[in-house]
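Colleague: I've got a fold here that I'd like to talk through with you. Can you pull it up so we can go over it piece by piece?

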Amino acid sequence: MSFDFQSFSWIELIGLVASCMLIATFWMKTLVSLRAMAITTSAVFVIYGYFAEVTSLIILHSALFLLNSIRVWQHFLASKRFRTSGKDVAELKALIPFMNRKLLASGTVLFLKGDRATKIFYLSQGSIDIPEVGKTLNAGTLFGEVGLFTPDQKRTASAVCAETCEIFVIHYRDIVRQCLKDPAFGLFLTGLIAGRMAENQEPWVLKSETSKIDSF
């Protein structure tokens with residue numbers, strides 16, 4: 001059975017191109033490139049469906065075109081938000097849409113020293129006592145992030161509500177899921193945690209330098 005190239009119309013050629021693009025979609029290595037290829041592929045399939053008068057194909061790929069376009073736009077907005085964020089409380093609030101809100105009474109124990117670290121907390125209202133170091137955390141503080149990324153994932157201190165607190169919580173599995181879904185979120189969170197660790201280290205460095213000066 002031989003293939004008749006003369007009977008192969010330009011409409012069928014568009015369909016063939018669209019099919020090849022669909023196959024190429026599965027070779028994309030990043031989410032953004034996959035979505036971009038999917039949008040282009042759907043556009044070509046819509047053109048093919050129009051000229052081939054296949055209504056179901058037009059409806060299907062019009063819907064896919066719209067859905068993928070929305071996802072790309074959402075990714076663009078999220079990336080822009082995380083790229084332009086600074087290192088202040090306003091930036092910490094960018095995490096809230098990904099977190100669960102909890103209202104906790106005074107005396108509630110969030111975690112104890114030695115517990116497995118599985119969550120990051122953002123204190124929106126109230127105060128938290130860290131008894132092992134005699135420190136109190138005030139509203140606008142992100143905490144619990146360091147233990148989450150240590151090799152043993154153990155809490156190095158306890159956290160207890162000193163008063164009624166409004167807290168936002170995100171679980172480690174949700175962080176991983178969001179990082180896989182949106183790499184910009186992962187970069188934002190990495191920078192945020194690195195900044196927090198640097199802030200926590202500054203008092204120790206200053207104390208160390210003071211000790212050196214006093215010894216002379």
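Colleague: Which helix is Phe-51 found in?

Modeller: Keep in mind that this is a predicted model. Helix α2 covers residues 31-52. Phe-51 is found in helix α2.

Colleague: And is Phe-51 buried, partly exposed or exposed?

Modeller: Its relative accessible area is 39%. Buried would mean under 20% and exposed over 50%. Since 39% lies in between, Phe-51 counts as partly exposed.

Colleague: Phe-51 belongs to a nonpolar patch on the surface, so which element gives the largest share of that patch?

Modeller: The patch is formed by Trp-10, Ile-47, Tyr-50 and Phe-51, and together they have about 470 Å² of accessible area. Three residues of the patch come from one element, and that is the largest share. That element is helix α2.

Colleague: Let's move to the sheet. What is the order of its four strands?

Modeller: It's an open sheet with antiparallel pairing. Its edge strands are β1 (100-104) and β6 (141-143), as each pairs on one side only. From one strand to the next, the twist averages 25°. Read across, the order is β1-β8-β3-β6.

Colleague: How many bridges does β8 make with β3?

Modeller: Strand β3 takes in residues 119-125 and strand β8 residues 165-171, and they pair in the antiparallel sense. You can follow the pairing along the strands: Lys-119 stands opposite His-171, and Tyr-122 has Phe-168 as its bridge partner. The number of bridges between β3 and β8 is six.

Colleague: What about β1, how many bridges join it to β8?

Modeller: These two strands also run antiparallel. One spot to look at is Lys-102, which stands opposite Ile-167 in β8. The number of bridges joining β1 to β8 is five.

Colleague: How many residues of β8 are buried?

Modeller: In a regular strand, side chains alternate between the two faces of the sheet, so it helps to check each face. On one side of β8, Cys-165, Ile-167, Val-169 and His-171 are buried. On the other side, Glu-166, Phe-168 and Ile-170 are buried too. The count for β8 is seven of its seven residues.

Colleague: Last one: which helix lies across β3 and β8?

Modeller: Look for the helix made of residues 172-181. It runs at about 60° to β8. That's helix α6.

Note on methods
Residues are numbered from 1 along each chain as its sequence is written. This is a predicted model: local features need pLDDT of at least 70, side-chain atom pairs count only at pLDDT 80 or more; totals for chains, interfaces and linings use all residues. Side-chain values use heavy atoms; hydrogens and water are left out. Patches are made of residues with over 30% relative accessible area and no salt bridge: like charges are joined within 9 Å, nonpolar side chains (Val, Leu, Ile, Met, Phe, Trp, Tyr) within 5 Å. Accessible areas come from the Shrake-Rupley method with a 1.4 Å probe; for residues, only the protein chains shown count as cover. A salt bridge is a side-chain nitrogen of Lys or Arg within 4 Å of a carboxyl oxygen of Asp or Glu. Buried means under 20% relative accessible area, exposed over 50%, partly exposed in between (1.4 Å probe, protein chains only). Two strands pair if DSSP finds at least two bridges between them. Axes are lines fitted to C-alpha atoms, for helices over the stretch in contact, and angles run from 0 to 180 degrees between N-to-C directions. Contact means heavy atoms within 4.5 Å.
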